[in-house]
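Me: I'd like a close look at one part of this structure, then a wider tour from there. Keep it relaxed, but stick to the numbers.

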Amino acid sequence: MARPQRSVSTALVVVVALAGLLAAGRWLQPRLDGRTEAAAPTRPAPTAPATSPATTSPILAIGRPAGSSAVTRVLATSSQVDAMAVTRRAVWLAVGGLVLRVDPATGRALVVPEVDRGAPVVDLTAGAGAVWAVTSSAGLLRIDPGTARLTAPNPGPVSAIAAGADGVWAVCCQGRGPRGRVARLDPASGRVIDTVGLPTRPLAVGAGPGAVWVRGAEGWLWRVDPAYGRRAGALRLPTVPGGAELAGKVVVAGAVVWVTDPGPGVVRRVDPRSGTEDRWEADGRHLAVTPGGTVWASSDTRLLGLGGPQVRGPRRDLRELNADPITAMAAAEDGGLWLGTANGLFHVDQSVLRQR
């Protein structure tokens with residue numbers, strides 16, 4: 001009986017030894033091959049934040065109805081519309097720091113790629129073959145209207161911009177001290193090609209036929225001759241007591257200059273030939289000139305028709321906006337208006353604008 005037991009014990013030792021060698025080989029082989037397996041994590045890896053531009057879009061729904069309506073919501077957004085611009089085939093919106101390109105016929109929208117939500121877009125304008133986006137910290141972005149892509153580097157900090165037949169002009173490149181400058185940009189690249197010195201700090205700029213108008217601090221309004229790139233005149237507007245000096249807007253309509261003053265909440269109509277001005281109470285933030293030549297201002301949910309052959313006075317509140325104030329405005333090619341609110345993009349038919 002002793003000999004069979006010894007054989008069984010020997011076989012068992014061999015089996016155990018072979019199993020140990022096999023396990024050691026499996027442990028050693030990755031190290032001989034230069035590969036070390038990482039230990040399994042004790043907690044899941046962090047995921048990308050929900051606010052990443054690559055994963056989050058401000059587009060909620062397309063609201064363009066099949067039939068016609070006086071005031072229609074074309075696009076629903078998750079954030080308010082901060083600015084807008086209009087080209088021949090699209091409406092461009094600044095929403096949640098990003099830029100959207102909206103087809104006005106269908107309401108379909110896409111997010112312009114490469115725009116960083118971390119350097120949000122705060123203003124938009126269209127002209128000179130491009131859409132120009134002013135950001136809070138990344139300078140000026142030039143967007144090709146056909147491809148909806150960024151096409152040029154930015155020229156540095158920009159706080160306001162205007163584009164017209166005589167070029168692209170920006171409030172930028174401020175030096176030290178109280179003096180300021182307005183810059184002329186290359187429409188193809190967005191780079192600064194010339195600057196015009198100003199006595200005080202500029203706040204806003206508007207481009208019209210044969211002239212560029214710059215609103216400055218302390219009530220100044222300067223005229224810049226685009227042909228020679230120099231100041232060609234100045235007006236000083238009366239300041240409103242108790243009103244803070246904010247950027248506002250400058251819009252040129254024919255021979256008249258319109259200036260918004262958000263601090264005291266007024267809109268000014270300035271006639272440079274006579275040096276006179278008219279003034280209306282409004283929120284002082286948004287202006288638009290329709291193809292017929294009428295200048296429209298916003299005031300909460302109300303539209304004010306101020307320009308044209310005569311002052312037309314206030315219009316009714318737009319109940320279709322669901323009591324949301326107007327946050328952006330632009331003229332539509334069909335004679336109506338595009339309005340931005342916290343709920344998205346609305347179109348106002350010209351029939352509403354003709355009502356008295």
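What is the relative accessibility of glutamate 218, and where is this residue found?

Reply: Glutamate 218 comes out at 41% relative accessibility, so it counts as partly exposed: the buried class stops under 20%, and exposed starts over 50%. Bear in mind that this is a predicted model. The residue is found in the loop between strand 16 (211-216) and strand 17 (220-225). Its backbone deserves a look too, as phi is near 65°, a positive value in a residue other than glycine. Most residues other than glycine have a negative phi.

Alanine 148 makes a good partner for that. Phi there is near 60°, again positive in a residue that isn't glycine, and alanine 148 also lies in a loop, this one between strand 9 (140-144) and strand 10 (149-152). The burial is another story: alanine 148 has a relative accessible area of 3%, which means it is buried.

Go back to the loops for one more residue. Proline 199 is found between strand 14 (192-198) and strand 15 (202-208). At 33% relative accessibility it counts as partly exposed, because that value falls between the 20% and 50% limits. Proline 199 is 23 residues away from tryptophan 222 in sequence, and their C-alpha atoms are 9.8 Å apart in space.

Now step back to the whole chain. It has two helices and 29 strands, and 42% of its 356 residues are buried. About 18200 Å² is exposed, with carbon and sulfur atoms supplying 53% of that area. Among contacts with a separation of 6 or more, 40% are between residues 24 or more positions apart.

Then there's the inside. In soluble globular proteins, nonpolar side chains tend to be buried together. Here the largest nonpolar core has 15 residues, and those with the most contacts inside it are Trp92, Val99, Val112, Val121, Leu124 and Ile143. At least two core residues come from each of strand 3 (81-87), strand 4 (90-95), strand 7 (121-127), strand 8 (130-135) and strand 9. Strand 4 gives the most, with three.

Follow Leu124 out of that list. Setting aside neighbours within four places in sequence, leucine 124 is in contact with Ala83, Met84, Ala85, Trp92, Leu93, Ala94, Val99, Val131, Trp132 and Ala133. Two of the top core residues, Trp92 and Val99, are in that set.

Threonine 125 lies in strand 7. With a relative accessible area of 17%, threonine 125 is under the 20% limit and is therefore buried. Beyond its neighbours within four places in sequence, threonine 125 is in contact with Ala85, Ala130, Val131, Trp132, Ile161 and Ala163. Ala85, Val131 and Trp132 are contacts of leucine 124 as well.

Both residues turn up again at the largest pocket, which holds about 1300 Å³ of space. Of its 50 lining residues, the closest to the centre are Met84, Leu124, Thr125, Lys249 and Leu287. Strands 3, 7, 8, 11 (158-164), 15, 19 (250-253), 23 (287-289) and 27 (328-331) each give two or more residues to the lining, and strand 11 has the largest share, seven residues. By class, the lining has 34 nonpolar, eleven polar and five charged residues. Leu124, then, has a place both among the top core residues and among those closest to the pocket's centre.

How values were computed: Residues numbered from 1 in each chain as written. Predicted model: local features only at pLDDT ≥ 70, side-chain atom pairs only at ≥ 80, totals over all residues. Heavy atoms only, no water. Core = buried A, V, L, I, M, F, W, Y, C linked by side-chain atoms within 4.5 Å. Buried < 20%, exposed > 50% of the residue type's maximum accessible area, 1.4 Å probe, protein only. Helix = DSSP H or I, 4+ residues; strand = E, 2+ residues; numbered from the N terminus. Contact = heavy atoms within 4.5 Å. 1 Å grid on protein atoms, 1.4 Å probe; cavity = no way out; pocket = protein on both sides within 12 Å on 5 of 7 lines; lining within 4 Å. Points joined across faces, edges and corners; volume = space filled by probe spheres on them. Nonpolar A, V, L, I, M, F, W, Y, C, P; charged D, E, K, R; others polar. Areas by Shrake-Rupley, 256 points an atom, 1.4 Å probe, with all protein chains shown as cover.
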